[in-house]
Amino acid sequence: MKIRVQENELLFHLQGETVSYIMQVVDGELVHQYWGKKLRDTGNLSMLPHTPKSDNLDMLHQEYPQYGNGDFRNPAYQIKLEDGSRITHLKYDSYRILSCKPVLKGLPAVYSEKEDDTLTLEITLKDAYSGLAVVMSYSVFAGSDAVARSSRLVNEGGKRLHLLRALSASVDLDVSDYEALYLAGAWSREAHLQRRPLGPGSTKLESRRGMSGHQLNPFLALVSPDAGEEQGEVYGFSLVYSGNFLAEAEVDFMQKVRVQIGMNPFDFDWVLEAGDSFQTPEAVLVYSAEGLGGMSRTYHKLYRTRLCRGEYRDQVRPILVNNWEATYFNFTADKIEEIAKVGSELGIELFVLDDGWFGKRNDDTTSLGDWFVNEEKLPLGLGNLAERINKQGLKFGLWVEPEMISPESELYRAHPDWCLHVEGRRRTEARTQLVLDLSRKEIEDYLFDTLSGIFGSIPLSYVKWDMNRSLTEIGSADAPAERQGEIAHRYMLGVYSLMERITTAFPHILFESCSSGGGRFDPGMLYYMPQAWASDDTDSVERLKIQYGTSLIYPVSSIGAHVSAVPNHQVGRFTPLSMRGDVAMSGNFGYELDLTRFTEEERIEVKRQIALYKDIRSIIQQGELYRLKSPFEHKETAWMFVSEDKTEAIAFYFKVLAEPFGPQINLRFRGLDPEKNYEVEGFGTYGGDRLMQVGLSFDPLKGDYASTIFRLTAV
Ligand code: DGJ
């Protein structure tokens, strides 16, 4: 990692492990010059692909473009002045280099941990007329190819400004023949890979739901047409934010592509008083010359070690059993203890009590907000249940959904104005619930006190923090008219602040985020909670796609995956316990079914799975992921995990439907050391080069929903 400035030409050269990112000031404009494979720092990199002319900004590659003076493409920001005008023109002012990464106040972001593991370049641009200054921040990291970008907009003028658009990053590239790759889906069908040519016009991904959403992940990559898992060029853009986002690639009349990512300007209007500043969320940009696999591994390492935080960041995660699909709302303390008892015999380490333990909650129509124990189900209280679980040798975890309020609740009766709403309009319910107005500090404080009261009074090791609806009627009873356009973002800031306070107050608790499955599986959440429930769909066939897609960006340690009952509750499919185990073991492993109903044969199989996962979980959770066969392209799926030192690896192969008269399967491994020899359990010893270049042959698996595992150990 290095940041080199050629003062005479005001050329800024950022270097990651194998990547260069170059900008230059020309006629006062901050011009984007290059982003790609590392260039040697020869001292003369000035390239000027497009001579800037002030009357032709439309042709210029820019770093933070504006609208109104000749560039007709999407701007990176827009402000409205008190005189009603929206024209600005940013010119270069100054720069500084920091050997650290400053925190983004109130926002999640990648962080530096050790002295000199990060370098940050800040470039300040100014619009003299309005007094707007934009501080653009670029960080590079030791041993990484990521560039983290964000912008701080400062009102240095004497008059109030309205911020209408403030994206995190904008880059102009010469790649109009590339394809857009992103993750799309729905509830219980998250993270499906999509790929399509760019073409003239826009490829626009966004959320207007007040949350990142199941529908589109806050991520966009441009990939060369030949890009696969191990080859081709990839430009990845990932936003560290959990609210409304925009990611867009616009191909213009000169076949240039402007790629942008940031908070969605839709319905956004932020008042910036004189002297105030606005910090955008962070975008993490990753270039890979080694295809999608290379990009994913860069994101995984950075997000696992420099975005996730807390005591559990570097620890292997406990194997849990969650009672949601086992009992739904219908449980007693005795039933929970019975499940935990069997869990303990099987080797499970943690019990998570899901929805239904509080207020009068017997279905999803009441009680969110009433965070006191339901005495009909748990007459001796939560603490007593936690102790009983602990006595069985399991740690205790608890589900909460703090951001919500049921109209049928004591909290709503006491504070009907505490939800997001607009006076005189209907309050749209989803899952019979409304959203608490977390833009208000007193509501954040109330939740902090309430949650702290519970978390601090019982022996609690784990919290599942759920969030089960999008935001509607986004307005606050507390904010003046001119600030109503800030509420969606202020809501997110309130959630982040609450999560920061709670996770700091309870450092020993492992937090998992959830949003009806993967509705808020984004980098913003990972900053506070190092793992997330990937999907409410627990069917192992569906999960192949969901987990494969999620792994494009997110580290495997963060992807919650459970074995559930058959017929599967979401799709009604029967799959064998072996495949359910193999799919769930490919993530952060657990069970979500009534363990007391296992047959003796199933108990033996589950014991085997748990013992195996304990043995391999450090490779799965902390090793490197190599995707071998995509469920989006093949009838087979395969992926493998390799320990950092390449001495151990484990590969999973899945075949959903059996086919007659098939050829031998040949699986080519990846990520091994070509110089090392590996013993493949049950097969023999082979060179790493042979296993990667030739592969390993085996007979087609028999039966539908078949899977198998290969364990490789360097000898
Ligand atoms: C949605 C979650 O995704 C489920 O796992 C479960 O916790 C339910 N909410 C409980 O209401």
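Q: Leaving aside neighbours within four places in sequence, which residues is E486 in contact with?

A: In this predicted model, E486 is in contact with D269, W270 and V271, once its neighbours within four places in sequence are set aside. E486 itself belongs to the loop between β26 (462-465) and α7 (487-505).

Q: Is E486 buried or exposed?

A: A residue is called buried when its relative accessible area is under 20%. E486 has a relative accessibility of 0%, and therefore counts as buried. Its side chain also makes a polar contact, at 2.7 Å, with the side chain of R483.

Q: How many residues surround the ligand, and which are the closest?

A: The ligand has 13 residues around it, and D354, D355, K464, D466 and D536 are the closest. By character, this shell consists of six charged, four nonpolar and three polar residues.

Q: Which ligand atoms lie 2.7 Å from polar side-chain atoms of D354 and D466?

A: A polar contact is read from a pair of N or O atoms within 3.5 Å. For D354, a polar side-chain atom is 2.7 Å from an oxygen atom of the ligand. For D466, an N or O atom of the side chain is 2.7 Å from a nitrogen atom of the ligand. The backbone takes part as well: a polar backbone atom of G517 lies 3.0 Å from a ligand oxygen atom. On its own the ligand has 300 Å² of accessible area, and the protein covers 98% of that area.

Q: How many disulfides does a search of the whole structure find?

A: The search finds zero disulfides. To count as a disulfide, two cysteine sulfur atoms must lie within 2.5 Å. The sulfur of C308 has its closest cysteine sulfur in C514, 16 Å away, which is too far for a bond. Both residues are nevertheless buried: C308 has a relative accessible area of 1%, and C514 has a relative accessibility of 4%.

Q: Where is the cis peptide bond that involves P567?

A: A cis peptide bond is recognised from the omega angle. Here the bond joins V566 and P567, with omega at about -5 degrees. P567 is located in the loop between β29 (559-564) and α10 (577-585).

Q: What is the phi of Q255, and what is the phi of Y328?

A: Phi is a backbone angle, and its sign is worth reading in residues other than glycine. Q255, which is not a glycine, has a positive phi of about 60 degrees, and its place is in the loop between β16 (245-251) and β17 (257-263). Y328, also a residue other than glycine, has a positive phi near 50 degrees. Y328 is in the loop between α2 (324-327) and α3 (333-346), and at 30% relative accessibility it counts as partly exposed.

Technical notes:
Residues numbered from 1 in each chain as written. Predicted model: local features only at pLDDT ≥ 70, side-chain atom pairs only at ≥ 80, totals over all residues. Heavy atoms only, no water. Near = heavy atom within 4 Å. Polar contact = N/O pair within 3.5 Å; in protein donor to acceptor, adjacent residues only side chain to side chain. Areas by Shrake-Rupley, 256 points an atom, 1.4 Å probe, with all protein chains shown as cover. Nonpolar A, V, L, I, M, F, W, Y, C, P; charged D, E, K, R; others polar. Buried < 20%, exposed > 50% of the residue type's maximum accessible area, 1.4 Å probe, protein only. Helix = DSSP H or I, 4+ residues; strand = E, 2+ residues; numbered from the N terminus. Contact = heavy atoms within 4.5 Å.
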